Amino acid sequence: MTQTTPSGVTAGAGATDQAGHATNTNIPILVLGALGVVFGDIGTSPLYAFREALHAAGGSPSENEVLGLLSLIVWALTIVVTVKYVVFVLRADNKGEGGTLSLMTLASNAFAKRPAWILGLGIVGGALFLGDAIITPAISVLSAVEGLEVVEPRLTPWVVPMTVVILIGLFMVQRFGTARVSTVFGPVMAAWFLILGVTGLLHIADAPQVLMALNPAHGIEFLYTHAGMSIVVLGAVFLAVTGAEALYVDLGHFGRKPIIAAWLALVFPALLLNYFGQGAFVLSHPNEVTNPFFQMQPDWAKLPMVALATLATVIASQAVISGAYSLVRQAMHLNLLPRLEVRHTSEEVAGQIFMPQVNFLLLICVVLLVVGFRSSSALSAAYGIAVTGEMLVTAILLFIVMWRLWKWNLIVAMVVIVPLLIIDLGFFIANAAKFSQGGWVPAVVAATIAAMMTIWIWGRRRLAEKTRRDEVPLEFLVENLAKKKPTIVPGTAVFLTSDIEGAPTALLHSLKHYKVLHEHNVILTVITSDRPRVADEEKIRIDAYNDLFYRVVVTFGYIETPNIPKALALARKLGWQFDIMSTSFFLSRRSLKPSPKGGAPVFLDRIFIGLARNATDATEYFHIPTGRVVEIGTQVVI
């Protein structure tokens, strides 16, 4: 679910409007920005995809086998990326935003009562994206640094340590943001794709018959004549399309037209030329090739190519890391995960964020993968299960959107989706075959994250039910206080509550202990919309109960940063004179305890309580000035 927007890397000045959506006013700048973010992952696949396909086929393939492998790669790129994502998936935007959670929201909106199974698909898709996020930096950077083995075999023992150092450095600089360095991402990746195309084109002349691989019959024939190894080969071929989901994930940041233009005009042709060049090099140098991407470079260019490849893989990794931040933030706003600390690293670009807890966990997982697997060939076995699983989820949700939301004829929707589902399922089965060789890693990570999301949703519902049983109806309390007023003190009190109907716990305890009431009392509820962004004029709703009490509902989009003071400032347009310096915010801090009786297993209670305790404080999460907050503690047994 890479799934989220924006990616955290700016596309350039003037690329987005005030709401943060991509505009089409400067297509070249957006195309350049998309090259640096959207296509980093798929753009570095030539480093290892064809090599692993060769290894899966036996290492010394014949001409027919090379043509078969190239044909499978060419048509995988054509069908999975160009047809599925460019033609269909990019059209399924939620108010301009893409990604698994956006698609889940669209599919949910197609039903009057949102089905739980669609929420389940969204959870699985998001979890699989995060499972993939730990593999991409590891395999990308490691495969680039392995080019040193071609330049100087004696450097082989240093490949893993150098990779670890580069990755640690990459994660360490995340806290400073990418605003400054991101301006070079696009030009560097543009140069990378041009060099990919040129180096491939130069070698096609060595064996021009590789162009026959454009005929899909070669791929079909290979699978038919090599049925025993076809599953393994398909698992390797799929490496060529990993990163395709980024086209949809970053839709909101760059827009559909720039992404399509970048893919069709430069990325797709460059990838095809490079794969054809690698195939031609293998045919012209039989029995000598172990790493065709680097071996086909002239001697003088090998070291510069290693340096450029390393830089390209760092850029690709940066995009995945930023995408993980954005996905987790979306999940938090949709109440799929507890609140985590979010730091903004740019005053101009809302998507530039840093999440310390997520960054630390990613770093640990990525370094352990590099040290544990020690080569990109070994890591390739772990790559694919999460991505193919996410692509399957995307296809299923897309079918729901086509049929229920776009009102396509059921037969037409099935004619489009079923072939794509069969291809995705074939790749998923091929990658599942590598489960014992390392595919279990992203699967375990995804399963753990999905379990955490499920437990968090379950715990929140159980806590809400428990709280609702013990609360006092708000209207009943307001009517009684209007009849029998306690001591009134000047100022405004804002009571935060997630329950629109019940009286906030903080209000009840304040009355119980202080015996006073402010002259203005605001019952504030924050709601997350199923839209990515909410216009300022729609953010605030104010209802007056009487002279003492007001109900204020603030609505944020699911990718927006909840900032209560800024939102309340908008209320001035509606006639409420809000002064932050004369306002106190009352928050209820719950201390959760597992029930000794409990209807659920104790370990579920304890996991939920652990997640709740590690959640970011509401004061920081909602950007409330700490000097204006009064916290009142309560103990709740769940």
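Two strands pair if DSSP finds at least two bridges between them. Strands (E, at least two residues) and helices (H or I, at least four) are DSSP runs, numbered from the N terminus. This is a predicted model: local features need pLDDT of at least 70, side-chain atom pairs count only at pLDDT 80 or more, and totals for chains, interfaces and linings use all residues. Residues are numbered from 1 along each chain as its sequence is written, and side-chain values use heavy atoms, with hydrogens and water left out.

**View 1. Strand 4 pairs with strand 3 and with strand 6.** Strand 4 covers residues 516-528. With strand 6 (residues 549-556), strand 4 pairs in the parallel sense over 8 bridges. The pairing of strand 4 with strand 3 (residues 487-496) is also parallel, over 8 bridges. Look at Asn521 in strand 4. Ala493 stands opposite Asn521. In strand 6, Phe549 is the bridge partner of Asn521.

**View 2. Helix 7 is largely enclosed by the rest of the structure.** Helix 7 spans residues 135-145. Of its 11 residues, 11 are buried (under 20% relative accessible area, 1.4 Å probe, protein chains only). Among them are Ile135, Pro137, Ser140 and Val145.

**View 3. Five side chains form a nonpolar surface patch: Trp403, Leu410, Met414, Val418 and Ile422.** The patch measures about 410 Å². Patch residues have over 30% relative accessible area (Shrake-Rupley method, 1.4 Å probe) and no salt bridge (a side-chain nitrogen of Lys or Arg within 4 Å of a carboxyl oxygen of Asp or Glu), and nonpolar side chains are joined within 5 Å. Helix 21 (residues 410-432) gives the most, with 4 residues. Val418 is found in helix 21. At 35% relative accessibility, Val418 counts as partly exposed (between 20% and 50%).

Notes
Patches are made of residues with over 30% relative accessible area and no salt bridge: like charges are joined within 9 Å, nonpolar side chains (Val, Leu, Ile, Met, Phe, Trp, Tyr) within 5 Å.
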